[in-house]
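Student: Could you help me learn to read a protein model? I would like to go through it feature by feature.

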Amino acid sequence: FRFKKPDEGQAFYQKERRTTAFIAIFILILIFDTIVLRTIDPERLVEPDETSKDWMIEVSMFEQTDTMSEELSTNEILETSIDVVLSEYEYLQSVSLIVQCSDEDEPTEVSSDEVTARTDLSTVDGMPADKDESGSCLEGTEDDLVLTWTFLDASSVELNQTDKTQSEVLQLFETGKTGTGTWNAEIELQVVTAGGISAIDNGEQVTVTWIISTFEIDLKSN
């Protein structure tokens with residue numbers, strides 16, 4: 001038998017063909033870089049949220065109220081609660097608890113019936129401070145006991161923001177995202193008379209109102 005030598009001319013042709021293909025691919029890459037990549041707007045490659053812009057902020061205010069009223073006798077307790085839930089662009093401005101009562105039996109400054117409000121905010125996000133306050137049921141007064149928690153005053157934020165990303169603008173309102181959860185309170189009535197325990201003063205009508213103040217923002221880029 002004998003060995004067959006490879007065709008030297010054919011090997012040279014294959015080598016030239018590979019070189020030509022490599023050069024052609026290189027030229028196509030250059031054309032792609034010149035024509036295609038350079039026509040792409042670099043800002044389109046960045047998430048819109050991370051693009052610094054000038055922003056105009058529109059604010060819409062809302063108020064939610066929940067009221068209940070019961071006749072309470074001495075040392076009787078009224079339990080009340082409200083749930084605070086926020087949408088994506090909604091923020092909490094404040095929560096107020098208003099207790100109203102009117103002592104119509106023996107209303108004097110030294111013998112007026114009293115109410116005490118005690119809150120339990122252990123399940124509220126942000127852990128606002130619990131309050132334990134008392135007030136007198138003086139006849140003719142509007143709000144005998146008012147408890148308020150403030151989270152974010154919308155007017156404290158400049159509505160025209162310059163050179164910020166959307167995330168940076170939303171960060172200005174971050175404190176308004178706390179306060180969600182269930183707000184609980186107990187309202188207790190204490191009957192007070194000038195002569196001590198009196199059968200003619202058995203209790204009072206007690207009205208409790210929750211007021212939830214929120215606002216929504218709408219961001220418009222300039």
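Tutor: Let us take the features one at a time, with the general idea before the case. Please keep in mind that this is a predicted model.

Student: Let me begin with the overview. How many helices and strands does the protein chain have?

Tutor: The chain has 2 helices and 9 strands. Along the sequence, they follow the pattern α-β-β-β-β-β-β-β-α-β-β. As for burial, 32% of the 222 residues are buried.

Student: Now the strands. How do strands of a sheet pair?

Tutor: They pair through backbone hydrogen bonds, either parallel or antiparallel. Here, an open sheet is formed by 4 strands in the order β2-β8-β4-β5, with antiparallel pairing. Strands β2 (77–84) and β5 (132–136) stand at the edges with a single partner strand each, so one side of each has no neighbour in the sheet. On average, neighbouring strands of this sheet are turned by 20° against each other, direction ignored.

Student: Can you walk me through one pair? Over how many bridges do β2 and β8 pair?

Tutor: Strand β2 and strand β8 (residues 181–190) pair over 8 bridges, in the antiparallel sense. To find a spot in that pairing, look for I77, which stands opposite E188 in β8. Remember E188, please; we will come back to this residue.

Student: I also see strand β9. Which strands pair with β9?

Tutor: Strand β1 (residues 53–73) runs antiparallel to β9, and 19 bridges join the two. In that pairing, E71 stands opposite Q205. Strand β3 (residues 90–101) also pairs with β9 in the antiparallel sense, over 11 bridges. There, F215 in β9 is the bridge partner of Y91.

Student: Is β9 mostly covered or mostly open?

Tutor: Strand β9 (residues 203–221) is mostly covered, with 14 of its 19 residues buried.

Student: Next, cysteines. What is a disulfide?

Tutor: A disulfide is a covalent bond between the sulfur atoms of two cysteines. A search of the whole structure finds 1 disulfide. C101 and C137 form this link, with their sulfur atoms 1.8 Å apart. C101 lies in strand β3 and C137 in the loop between β5 and β6 (145–150), so the pair ties together parts that are 36 residues apart in sequence. The link is left-handed, with -85° about the S-S bond.

Student: Are C101 and C137 buried or exposed?

Tutor: Both C101 and C137 are buried.

Student: What about charged side chains? When can they pair?

Tutor: Side chains of opposite charge can pair when their charged atoms come close. The count of salt bridges in this model is 3. In one of them, R118 pairs with D132, and the closest N and O atoms are 3.8 Å apart. This pair links distant parts of the chain, with R118 in strand β4 (residues 114–120) and D132 in strand β5, 14 residues apart.

Student: And where does E188 come back in?

Tutor: E188 forms a salt bridge with R118, the closest N and O atoms being 2.9 Å apart. Since E188 lies in strand β8 and R118 in strand β4, the pair ties together parts that are 70 residues apart in sequence. Together, R118, D132 and E188 are linked in a network of salt bridges.

Student: How accessible are the members of this network?

Tutor: E188 is buried, with a relative accessible area of 13%. R118 is partly exposed at 31%, and D132 is exposed at 52%.

Student: Which residues meet in the salt bridge with K220?

Tutor: The partner of K220 is D218, at 3.2 Å from N to O. K220 counts as partly exposed at 35% relative accessibility, and D218 counts as partly exposed at 34%.

Student: What about backbone angles? What sign does phi have in most residues?

Tutor: Most residues other than glycine have a negative phi. N75 is not a glycine, yet has a positive phi of about 65°. You will find N75 in the loop between β1 and β2. D163 in strand β7 (residues 160–164) also has a positive phi, near 50°.

Student: One last feature: which residues form the nonpolar patch on the surface?

Tutor: The patch is formed by I23, F26, I27, L28, L30 and I31, with about 560 Å² of accessible area together. F26 sits in helix α1 (residues 8–35) and is partly exposed, with a relative accessible area of 46%.

Definitions and conventions. Residues numbered from 1 in each chain as written. Predicted model: local features only at pLDDT ≥ 70, side-chain atom pairs only at ≥ 80, totals over all residues. Heavy atoms only, no water. Patch = residues over 30% accessible without salt bridge, like charges linked within 9 Å, V, L, I, M, F, W, Y side chains within 5 Å. Areas by Shrake-Rupley, 256 points an atom, 1.4 Å probe, with all protein chains shown as cover. Salt bridge = Lys/Arg side-chain N within 4 Å of Asp/Glu carboxyl O. Buried < 20%, exposed > 50% of the residue type's maximum accessible area, 1.4 Å probe, protein only. Pairing = 2+ DSSP bridges. Axes fitted to C-alpha atoms, helices over the stretch in contact; angles between N-to-C directions. Disulfide = S-S within 2.5 Å.
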